[in-house]
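Here's a quick briefing on how the strands pair up and what sits in the core. Have the fold open as you read.

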Amino acid sequence: LAIDPTTPSTIYAVTFAGALYKSTDAAATFKRNTAPVGLSTLVVDPYQNNHLVAGSSLGVWVSATGGE
């Protein structure tokens, strides 16, 4: 899990299968995002909350749109 430091109701989750999900309602619901499958780590930039950096065994994935 990664919580947006500026908007704590926005939560990102990486599943065991490596898919990325995003909640904007404090985890009441989640929506699958367009990140590639296979992610294992995820960080939300503390200064630009739409900037995500994720890692997998294949490399690094970066989003400037909150994973959309």
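Strand 6 and strand 7 run antiparallel and are joined by five bridges. One of the pairs to look for is L52, whose bridge partner in strand 7 is S63. Keep in mind that this is a predicted model.

**The three-strand sheet**

- Strands 5, 6 and 7 make an open sheet in the order 5-6-7, and the pairing is antiparallel.
- Strand 5 and strand 7 (59–63) are the edges here; each has a single partner strand, so one side of each has no neighbour in the sheet.
- On average, neighbouring strands of this sheet are turned by 20° against each other, if you ignore direction.

**The four-strand sheet**

- Another open sheet is built from four strands in the order 1-2-3-4, again with antiparallel pairing.
- Its edge strands are strand 1 (2–3) and strand 4 (31–32), and each of them pairs on one side only.
- Strand 1 and strand 2 are held in antiparallel register by two bridges, with A2 standing opposite Y12 of strand 2.
- Between strand 2 (residues 11–14) and strand 3 (residues 20–23) there are four bridges, also in the antiparallel sense.
- Two pairs to check there: I11 has S23 of strand 3 as its bridge partner, while A13 has Y21 in that strand.
- Strand 2 and strand 3 form a hairpin, with five residues between them.
- If you're browsing backbone angles, stop at G18 in that turn: its phi is positive, at about 95°.

**The nonpolar core**

- Nonpolar side chains tend to be buried together in soluble globular proteins.
- In this model, the largest nonpolar core has 10 residues: A2, Y12, L20, A35, L39, L42, V44, L52, A54 and W61.
- Two elements give two or more residues to this core, namely strand 5 (39–44) and strand 6 (52–56).
- Strand 5 gives the most, with three residues.
- The A2 and Y12 that face each other across strands 1 and 2 are both members of this core.
- L52, the bridge partner of S63, belongs to the core too.

**Around A35**

- What does A35 touch, leaving aside its neighbours within four places in sequence? A35 is in contact with L20, W61 and G67.
- Of these contacts, L20 and W61 are listed in the core along with A35 itself.

Technical notes:
Residues are numbered from 1 along each chain as its sequence is written. This is a predicted model: local features need pLDDT of at least 70, side-chain atom pairs count only at pLDDT 80 or more; totals for chains, interfaces and linings use all residues. Side-chain values use heavy atoms; hydrogens and water are left out. A nonpolar core is a set of buried Ala, Val, Leu, Ile, Met, Phe, Trp, Tyr and Cys residues joined through side-chain atoms within 4.5 Å. Buried means under 20% relative accessible area, exposed over 50%, partly exposed in between (1.4 Å probe, protein chains only). Contact means heavy atoms within 4.5 Å. Two strands pair if DSSP finds at least two bridges between them. Axes are lines fitted to C-alpha atoms, for helices over the stretch in contact, and angles run from 0 to 180 degrees between N-to-C directions.
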